[in-house]
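This briefing looks at two topics, the packing of a pair of helices and the surroundings of a strand within its sheet. Please keep the model open alongside the text while reading.

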Amino acid sequence: MLEKVEEFNMEKVIQEFETLTKDAGRVQRETLKRILEDNASAEYLQNLGLNGRTDPESFKACVPLVTHKELEPYIHRIIDGDTSSILTGKPITTMSLSSGTTQGKPKYLPWNDELFETTMQIYQTSFAYRNREFPIKNGKALSFIYSSKQFKTKGGVAAGTATTNVFRNSRYKREMKALQSQCCSPDEVIFGPDFFQSLYCHLLCGLIFHEEVQLVSSVFAHSIVHAFRTFEQVWEELCTDIKQGVLSSRITVPSIRAVMSKLLKPNPELANLIHAKCVGLSNWYGLIPELFPNAKYVYGIMTGSMEPYLKKMRHYAGELPLLTADYGSSEGWIAANVNPRLAPEFATYAVLPQIGYFEFIPLTQLENNDASSSFLSIDLNPVGLSEVKVGEEYEIVITNPAGLYRYRLGDVVKVMGFHNSTPELKFVRRSSLLLTINIDKNTEADLQLAVEAAGKVLAEEKLEVVDFTSHVDLSKEPGHYVIFWEINGEASEQVLGECCNCLDKSFVDAGYTSSRKVNCIGPLELRLVRRGTFQKILEHYLGLGATVSQYKTPRCVGPTNSTVLQILTDNVVKTYLSTAFN
Ligand code: AMP
């Protein structure tokens, strides 16, 4: 029997969003009221003396700004099996495990059905606006999505990454079908225990259904680039599988073998077609539209720490538009991309005022202090969603329906404008500093700019940076910055030396340049690592329970992250010291 799919009403969703955003301030007050009423019995709120008040003023006066650290005692009680109302009215039975690639260690965050609901609201909103501009037919999505294992904590609480909690929800498939974005791979592939085998089969399914594929997507863009880089390595094997109708012996997981063997029929014609297409391409330019002639766009989060992958993605996508997905986190969704025609570099995200209560700490309040979470929250005075100013930067504070109240997310955003009366945000960076030795202050965004500049020098040799990270080396006086690079070929000594100098010169923060001039910070060091090193780092995080779907390469490796540091150190093939300030 055919499964009934509820019609998606694009106009209705757009209309609803337009109405909600016309009165975003009021919707925010109502959302806060709803969250506080639903969770009035939670011990955390009871102890703060709100006494039933739900207005933003009382909320701000009674409830402190917090980071994850302050919530850990509560979260640990939940994980350990305390089923009383701790953070929420209804006890939390599921936790999300954040990847921990940005903060160093995985964090537990409460998850509940309301968060699934807000996820769907975000997906539907952005889909409606996207589909108005780039309509897709009823077809399939080649989605590089991976679900990590769900496990039980010792207190019996289910835990998995946030994407896993979404993919495992019984409504997920139905909802994605309604959005014409159903993944072309079977569940056994998405939920497979071995990342590489799942990736190989995603590619195989994409090729089998190549004419039906309407879009190519992933949660974060890194997975798309990673998938097609892998395709470059395994495409002939994929063709052989399709030609003979026999699955490669690489695939050893029984459930994946069983389901894929059913899909795979000998099809020499298709295999020859793909083979001809691949050999006809120049350096894989335009691979995606060549393989998937009916794809309308490539979709996934492409801003922030994903920007370094844009160039490669454009290369694979050829003329196909790149559309950045929405803005959110394991802590909850925030905003949707309702201007899909903007290139990712200029993308903004419109806040959904009904999915959480949002506050914004002006960056100027943080600027005179260390902008990290160690700064005392007590002195901060965030503004509400309707009070933000265009052109200003803010750190986001979230109150969500799953037990986070005035939670500092650690992201910096810039207000670019308003959609009706809700702000349109540009993601700027994580708020914490990556590289600092003394008076120098460099963030993820500064590092990204430096790598981009030096990448242009490397491009003169027709080479590119596959991935990168950084480290502060304090083992010798004076301390210095180390940048690790994996590149896709052999570059001359001279060019790499120039790249190293360019990196050093590209950190333009006055604290850095003045310290470099007087040698309070030593010459920047570029360490080249072997091909495949960043794959090893990815595998290390997967081993810790992270999922590829949410993976973000750590852009700075601290001294306590000894395993990753060891992987990098073991794979260094060459080092260069900057002479830029000699
Ligand atoms: P996770 O902890 O895996 O849930 O990742 C959430 C983090 O990913 C956010 O706090 C942001 O730093 C980043 N992120 C999520 N969505 C976007 C986006 N659209 N653009 C840039 N960064 C994003």
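A residue counts as buried when its relative accessible area is under 20%, with a 1.4 Å probe and protein chains only. The model discussed here is predicted, and the points below begin with the strand to which that cut-off applies.

**Strand β7 and its neighbours**

- In strand β7, which spans residues 297–301, 5 of the 5 residues are buried, so this strand is largely enclosed by the rest of the structure.
- On one pairing, β7 runs parallel to strand β6 (residues 213–220), and the two are joined by 4 bridges; within this pairing, S217 has Y299 of β7 as its bridge partner.
- Strand β7 also pairs in the parallel sense with strand β8 (residues 322–324), here over 3 bridges, and the partner of Y299 in β8 is L323.

**Helices α10 and α11**

- The axes of helix α10 (residues 195–208) and helix α11 (residues 222–244) come within 9 Å of each other and cross at roughly 65 degrees, which makes α10 roughly perpendicular to α11.
- The crossing of α10 and α11 is right-handed.
- From the α10 side, the contact is formed by F195, F196, L199, Y200, L203, L204 and L207, which meet residues of α11 including F228, F231, V234, L238 and I242, as well as E237 and D241.
- Sorted by residue class, the contact of α10 with α11 comprises 13 nonpolar, 2 polar and 2 charged residues.

Notes: Residues numbered from 1 in each chain as written. Predicted model: local features only at pLDDT ≥ 70, side-chain atom pairs only at ≥ 80, totals over all residues. Heavy atoms only, no water. Axes fitted to C-alpha atoms, helices over the stretch in contact; angles between N-to-C directions. Parallel < 35°, antiparallel > 145°, perpendicular 65-115°, else oblique. Left-handed = near helix turned anticlockwise from the far one by under 90°. Contact = heavy atoms within 4.5 Å. Nonpolar A, V, L, I, M, F, W, Y, C, P; charged D, E, K, R; others polar. Buried < 20%, exposed > 50% of the residue type's maximum accessible area, 1.4 Å probe, protein only. Pairing = 2+ DSSP bridges.
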